[in-house]
Amino acid sequence: MIRPFREQPPAALERALWVLQHNKPLMLIVASAIVAIAILLWRRAGWVAKVFLVPATGITVLAAVSVWINPYEKMFHPVGEPKYLAANLATIDPNDMVIAVTQGGESRAYPIREMGYHHIVNDRLHGLPIVVTY
């Protein structure tokens with residue numbers, strides 16, 4: 001999603017997907033070009049310019065490398081195939097909160113305590129795919 005609480009036209013989603021699929025090679029090319037330019041400038045620059053050139057090049061390389069890291073993928077692992085118990089068999093503390101979803105007479109409860117670790121549950125309810133998030 002590029003704008004989570006607004007309508008997202010298909011063209012915008014297609015562009016976002018293209019960027020997501022191609023951002024790493026593009027950033028590698030841009031970072032390599034900037035490092036090459038920095039090396040050329042280094043030869044001609046005086047000591048004052050070199051003082052600014054080194055941190056600027058380092059920041060550029062770090063920014064390019066950060067494209068490969070998505071901290072949210074590391075922190076939140078969606079639950080893909082949740083397992084369920086009947087309500088009378090569940091061992092949830094009476095004070096625990098749950099997210100309740102009902103569709104077509106079928107209901108599920110997702111404990112907030114468990115959702116705090118995963119934040120996303122991919123599930124099916126009454127034959128329909130659903131995503132529950134917290």
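Once neighbours within four places in sequence are set aside, Ala31 is in contact with Thr60 and Ala64. This pair of contacts is a convenient way into the predicted model. Ala31 belongs to helix H1, and with a relative accessibility of 10% the residue counts as buried, because the cut-off for that class is under 20%. Both of its partners, Thr60 and Ala64, are buried residues of helix H2.

Helix H2 deserves a closer look. This helix runs over residues 47-66, a total of 20 residues, and spans 29 Å from its first C-alpha to its last, close to the 28 Å expected at 1.5 Å a residue. Its buried residues are Leu53, Thr57, Thr60 and Ala64, and they pack against helix H1, which covers residues 10-44. The spacing of such positions can be read with a general rule in mind: an α-helix has 3.6 residues a turn, so residues three or four places apart point the same way. Phe52 also lies in H2, yet this residue is exposed, because its relative accessible area is 60% and the threshold for exposure is over 50%.

The wider architecture gives these details a setting. The chain holds four helices and four strands, and their order along the sequence is α-α-α-β-β-α-β-β. In overall dimensions, the radius of gyration is 24 Å, whereas a compact globule of 134 residues would have a value near 14 Å. Along the principal axes, the C-alpha atoms fill a box of roughly 75 × 35 × 25 Å. Of the 134 residues, 13% count as buried.

Several pairs of residues help to put distances on this picture. Phe52 and Glu7, 45 residues apart in sequence, have C-alpha atoms 43 Å apart. For Ala31 and Ile112, the separation is 81 residues along the chain and 42 Å between C-alpha atoms. Leu53 of helix H2 and Val121 are 68 residues apart in sequence, with 47 Å from C-alpha to C-alpha. As for contacts between residues at least 6 apart in sequence, 34% join residues at least 24 apart.

Attention now turns to the strands. Val121 is part of strand S3 and, at 4% relative accessibility, counts as buried. Beyond its neighbours within four places in sequence, Val121 is in contact with Val79, Pro82, Tyr110, Met115, Ile130, Val131 and Val132. Strand S3 covers residues 120-125 and strand S4 covers residues 128-133, with His126 in the loop between them. The backbone of His126 is worth a glance, since most residues other than glycine have a negative phi. His126 is not a glycine, but its phi is positive, at about 55°. With a relative accessible area of 44%, His126 is partly exposed.

Surface and charge complete the description. The chain exposes about 10,800 Å², and carbon and sulfur atoms supply 66% of that area. Its side chains include 12 positive and 9 negative ones, and the centres of these two sets lie 20 Å apart.

Note on methods:
Residues are numbered from 1 along each chain as its sequence is written. This is a predicted model: local features need pLDDT of at least 70, side-chain atom pairs count only at pLDDT 80 or more; totals for chains, interfaces and linings use all residues. Side-chain values use heavy atoms; hydrogens and water are left out. Helices (H or I, at least four residues) and strands (E, at least two) are DSSP runs, numbered from the N terminus. The expected span of a helix is 1.5 Å times one less than its number of residues. Buried means under 20% relative accessible area, exposed over 50%, partly exposed in between (1.4 Å probe, protein chains only). Contact means heavy atoms within 4.5 Å. The radius of gyration is taken over C-alpha atoms; the globule rule is 2.2 Å times the number of residues to the power 0.38. Accessible areas come from the Shrake-Rupley method with a 1.4 Å probe; for residues, only the protein chains shown count as cover. Lys and Arg count as positive and Asp and Glu as negative; His and the chain ends are not counted. The place of a charge is taken as NZ of Lys, CZ of Arg, CG of Asp or CD of Glu.
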